[in-house]
Structure formats: C-alpha cells, structure tokens
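Let's take a walk through this fold together, from its sheets to the ligand. Please keep the structure open beside you as you read.

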Amino acid sequence: MSDLFRAPKGTYDVVPPFSELWLTVKDALSTPPRMAGYGYIETPLFEDTALFVRGVGESTDVVSKEMYTFNDKGERSLTLRPEGTAGVLRAILENRLDRGGLPVKVWYSGANFRYEQPQSGRYRQHTQVGVEAIGSSDPALDAEIIWMATYAQRTILGLQNIRLLVNSLGCHQCRPAYRNLLTAFLRTLELDEATQQRIEINPLRVLDDKRAHIQELLVDAPLIADHLCDDCRAHHRLVLHYLDLLGVSYELAPRLVRGLDYYVRTTFELVHTGLGAQSAIGGGGRYDGLIETLGGPALAGVGFGLGVDRTCLAIQAEGLSVGESNAPVVFVIAMGEAALDICIPLVGNLRASAISADMAFDSRSLKAAMKSADRSGAKFALIIGDEESKSQTAVIKNLLSGEQSTVPLDLVQETLTK
Ligand code: HAM
C-alpha cells in the first residue's frame with residue numbers, strides 16, 4: 001500500500017466518538033443567541049482579500065502574516081476567512097438588513113483559517129460560534145453579548161475554571177491621546193527590536209505581551225482605564241453594572257488588548273485556566289466605526305467569537321462528560337431473506353417514529369451480528385429469524401440485563417417505547 005494521505009499541517013479531523021462532544025459544544029454555544037432573538041447567518045468561506053485588510057486591520061498578525069490568500073482563475077484576490085466579523089458585516093450591508101429595525105442581531109458558526117504555528121489549541125483551521133449585533137451603542141447590549149458568551153460555557157456546559165476578563169479600550173475620541181502617552185512611555189524602555197516595531201504599529205498590543213520580563217517592565221505603564229473620556233467611562237460603568245445585575249462574574253483586566261484592530265470601548269476575553277498558552281476560549285467586544293470603514297453607514301456594533309476547538313479541549317481538561325452518545329436505541333438483526341424483508345421496513349418505521357435504530361449488514365452468523373449489536377452501544381437487540389418471520393413476531397433482548405421476550409411485530413414499537 002502506498003503512503004496514506006494525511007490532513008494538512010495544523011488541521012485535524014472531527015471523528016466519532018469525539019465528534020459527539022464537538023456537536024454538543026457547537027449546539028450549546030449557539031443556544032443563548034437563539035434564546036435571545038438572534039437570527040442565523042451564513043456567509044462564504046472566502047471573501048475579497050481587501051475586506052479583511054480593511055476590516056481586520058493591516059497591522060494585525062492575522063492580516064499581515066496569517067491569511068490564506070490566492071488568486072482565482074479570474075485573477076481576483078480572494079482570502080479564506082480568518083475570522084467571522086468582517087464577512088458578516090459585509091453580508092448585513094449587502095443584504096440591507098440594516099435598513100430594517102435596529103439592532104440587527106445575528107449568530108453564525110463555521111470554520112476560519114489562519115496560517116499560524118500549530119500547537120495544542122492553535123490550528124490552521126478552527127471553528128467559532130459567533131454573534132454580531134449592529135446599530136446600537138446601548139451598554140445593555142454589551143452586557144447581553146457578554147452574558148451570552150459566558151452562559152453557554154459556564155451554565156450549559158458546566159465549565160468551572162473560566163475567567164472572564166473585561167476592559168474598555170476607549171473610543172476614537174479618547175484613545176489617540178492615550179496611545180501617544182503609552183508610546184512615549186514604551187519608547188523609554190529597553191525592548192527587543194520586534195517589540196519596538198510593535199510600538200510603532202500598535203502600542204496597545206505591547207501591553208498584552210505575555211512574557212514575564214516584559215510584564216515587569218510594564219508595571220508603571222499608563223492604563224487606558226485612567227484616560228477614558230466621560231462617555232466611555234459612563235458606558236463602561238453601565239456595562240459592569242448590568243453584568244452585576246445579570247449575575248455574571250468578571251475581572252477587570254486593564255491590560256487586555258485583543259489581536260484584532262477594530263475594537264473600541266468594551267473588550268472581553270474568556271480564558272480557561274487549564275489550557276496552557278492557548279487559553280482564550282472566546283472573546284469579543286465593541287467595534288463602533290468598523291461598518292463605516294467598510295463603506296457602510298455610521299452604525300455601532302458589538303459581538304463575540306467562541307472557539308469550538310478550545311472549548312472541547314477545556315471540557316476534556318476538566319474531565320466533564322459532555323456529549324450525548326449517538327448509540328441507537330435498538331439494533332435490528334435479520335437472519336435470512338424473509339426476515340430481511342420484514343426488518344428493512346421495520347427499521348425505517350422505527351426511525352420515522354423517532355426511535356433510533358441501526359441494523360446488521362453483511363452478517364454471516366447470529367454470533368457476529370450480536371457482536372455488532374454490543375459494539376453499537378444499543379440498549380436492545382431485535383432479532384427476527386425464520387421462525388419469527390413465520391409467526392410475525394420478533395425477539396427483543398435487553399443488552400444490559402440479558403432479559404428477552406418475544407413480541408408480535410405490531411407491538412414492537414410500543415414495547416420499545418415503554
Ligand atoms: P478571536 O479572538 O480572534 O476573535 O477568535 C475568537 C476565538 O476563536 C478565540 O478566543 C479562540 O478560542 C478561537 N481561535 C482563534 N484562533 C484560533 C486558532 N488558530 N486555533 C484554535 N482556536 C482559535 C475573532 O475572531 C473575532 N471575530 C470575534 C468577534 C466577533 N469580535 C466581535 N465580534
């Protein structure tokens with residue numbers, strides 16, 4: 001046999017039984033937005049490259065280093081989406097969803113592509129469940145978004161070791177003055193060349209540097225919290241007040257700066273303490289001004305993206321048993337042609353009445369078929385041989401207790417339901 005193909009570097013397959021956890025996580029993360037009146041949106045996996053350059057920001061690692069960009073046969077520069085927000089905003093504007101009632105609230109789920117150095121929790125294809133709410137600056141909306149992000153993780157999935165970090169990054173009014181102050185401070189420090197370059201591109205990102213010796217140098221750095229304008233301070237205070245009302249526990253994180261350029265005011269990150277370096281299991285914030293940058297009207301916006309891959313890792317790290325098994329209720333075994341003619345429609349009818357059913361294929365012997373029944377995880381085996389075919393009955397065996405009984409075919413459904 002020649003060498004088998006492998007999944008591309010930095011990607012992995014979602015296969016059973018892990019895929020049950022995966023599906024449960026995706027479902028749990030999308031439950032709060034569905035409960036809160038958010039509509040579902042799905043956009044293409046690739047967009048015009050310029051959308052991400054403008055929308056995510058040229059100075060970000062995502063755009064400058066990590067995009068999967070290619071020319072199609074019509075010489076258009078396209079990019080596999082590295083994140084969801086830019087494409088969703090484009091779709092809202094293109095489909096004129098912003099011309100109806102505001103805020104427009106949507107949720108989405110899907111793959112994103114970033115050419116990153118792969119490691120545990122960091123992949124070249126990852127999946128997010130996200131939301132975007134457009135057209136309102138109300139701090140109650142920021143609080144709703146943060147509540148949704150944490151409710152799924154903490155309450156539905158039952159994760160314990162999660163910290164919610166919240167900050168305000170100020171706005172286009174107050175941030176420039178703060179940025180100048182911070183830049184002046186950072187230029188006085190002895191820093192490596194890459195960090196010095198980062199000061200000139202986006203000094204706020206330096207605050208977020210995780211290296212201990214850099215953090216030591218930054219103890220006296222000016223913090224945005226002390227330089228917010230009155231409006232931003234009032235907005236921030238109300239967001240925190242509403243989080244208190246909602247019973248969402250959080251920590252103020254005055255150095256939290258996220259990796260994408262579009263954030264203003266509220267920013268937040270969910271961090272899991274059991275995941276090592278790639279600890280952010282979700283994050284988001286406000287991006288008032290971004291829609292204008294994309295050529296749309298001056299509408300505010302706020303949203304989040306939750307990482308499905310890392311949330312699964314967090315659940316595994318906490319040893320939680322999440323994810324329904326997809327084992328069928330009943331495993332049907334037909335011995336002989338006549339029995340098969342009964343079993344094939346029987347399996348169809350069971351499934352149609354929401355009793356999950358699997359059946360034995362290619363079975364040469366009852367013993368082999370019973371082995372398949374055990375392996376399937378089904379609660380019951382239903383066996384029909386020549387004798388049962390003739391008498392229009394079936395043997396139902398409880399695979400846990402070993403008990404079995406013979407029931408008329410027209411009572412099979414009723415017996416299993418009981
Ligand atoms: P982000 O922080 O870049 O935000 O990504 C959101 C989440 O996706 C991260 O917290 C992490 O859990 C997961 N994630 C990101 N990159 C990777 C990777 N390489 N491997 C595994 N998981 C990853 C955004 O993308 C924003 N669009 C969120 C947002 C929506 N802000 C406002 N609206």
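Before we begin, one convention: angles between helices and strands run from 0 to 180 degrees and compare N-to-C directions, with axes fitted to C-alpha atoms. Please also bear in mind that you are looking at a predicted model.

With that convention in hand, start with helix 14, residues 366–376. Helix 14 lies across strand 12, strand 14 and strand 15, and its direction makes about 165° with that of strand 12. These strands belong to an open sheet of five strands, ordered 13-12-14-15-16, in which the pairing is mixed. At its edges you will find strand 13 (357–359) and strand 16 (404–408), each of which pairs on one side only. From one strand to the next, the twist averages 25°. Helix 13 (residues 337–352) packs on this sheet too, touching strand 12 (330–334), strand 13 and strand 14 (380–384), and helix 13 likewise runs at about 165° to strand 12.

For a closer look at one pairing here, follow strand 15 (residues 393–398), which is joined to strand 16 by five bridges in the antiparallel sense. One residue to pick out is Thr 393, whose bridge partner in strand 16 is Pro 408.

Now turn to another sheet. This open sheet has eight strands in the order 1-5-6-11-10-9-7-8, again with mixed pairing. Strand 1 (39–40) and strand 8 (251–252) are its edges; each has a single partner strand, so one side of each is left without a neighbour in the sheet. Within the sheet, strand 10 and strand 11 pair antiparallel over five bridges, and there Gly 283 stands opposite Gly 305 in strand 11.

Which helix lies across strand 5, strand 6, strand 7, strand 9, strand 10 and strand 11? That is helix 5, residues 139–156, which runs at about 10° to strand 11.

Strand 5 deserves a stop of its own, since Ser 109 has its place there. Leaving aside residues up to four places away in sequence, Ser 109 touches Lys 26, Tyr 40, Gln 128 and Val 129. To get a sense of distance across the model, go from Ser 109 to Leu 382: their C-alpha atoms are separated by 39 Å, with the two residues 273 apart along the chain.

Gln 128 brings us to the ligand. One of its polar side-chain atoms lies 3.1 Å from an oxygen atom of the ligand. Glu 83 places a polar side-chain atom 2.6 Å from a ligand nitrogen atom, and Arg 310 places one 3.5 Å from a nitrogen atom of the ligand. How much of the ligand's accessible area does the protein cover? On its own the ligand has 660 Å² of accessible area, and the protein covers 96% of that.

The shell that does this surrounding holds 27 residues, the closest being Glu 83, Glu 116, Arg 258, Tyr 263 and Ala 280. By class, the shell has nine nonpolar, eleven polar and seven charged residues. Strand 6 (125–134), strand 10 (280–286) and strand 11 (301–307) each supply at least two residues to the shell, and strand 10 gives the most, with six.

Next, visit the set of pairings around strand 4. Strand 2 (residues 46–48) runs antiparallel to strand 4 (residues 77–80), and three bridges join them. Strand 3 (residues 68–71) is also antiparallel to strand 4, joined by four bridges. Thr 79 is a good landmark in strand 4: Glu 47 stands opposite Thr 79, and so does Thr 69.

Strand 3 and strand 4 form a hairpin with five residues between them. Look for Glu 75 in the loop between these two strands: Glu 75 has a positive phi of about 60° although it is not a glycine.

Two cis peptide bonds round off the tour. One joins Pro 16 and Pro 17, with omega about 0°; Pro 17 lies in the segment before helix 1 (18–35). Another joins Leu 102 and Pro 103, again with omega about 0°, and Pro 103 sits in the loop between helix 4 (85–94) and strand 5.

Terms used
Residues numbered from 1 in each chain as written. Predicted model: local features only at pLDDT ≥ 70, side-chain atom pairs only at ≥ 80, totals over all residues. Heavy atoms only, no water. Near = heavy atom within 4 Å. Polar contact = N/O pair within 3.5 Å; in protein donor to acceptor, adjacent residues only side chain to side chain. Areas by Shrake-Rupley, 256 points an atom, 1.4 Å probe, with all protein chains shown as cover. Nonpolar A, V, L, I, M, F, W, Y, C, P; charged D, E, K, R; others polar. Pairing = 2+ DSSP bridges. Contact = heavy atoms within 4.5 Å.
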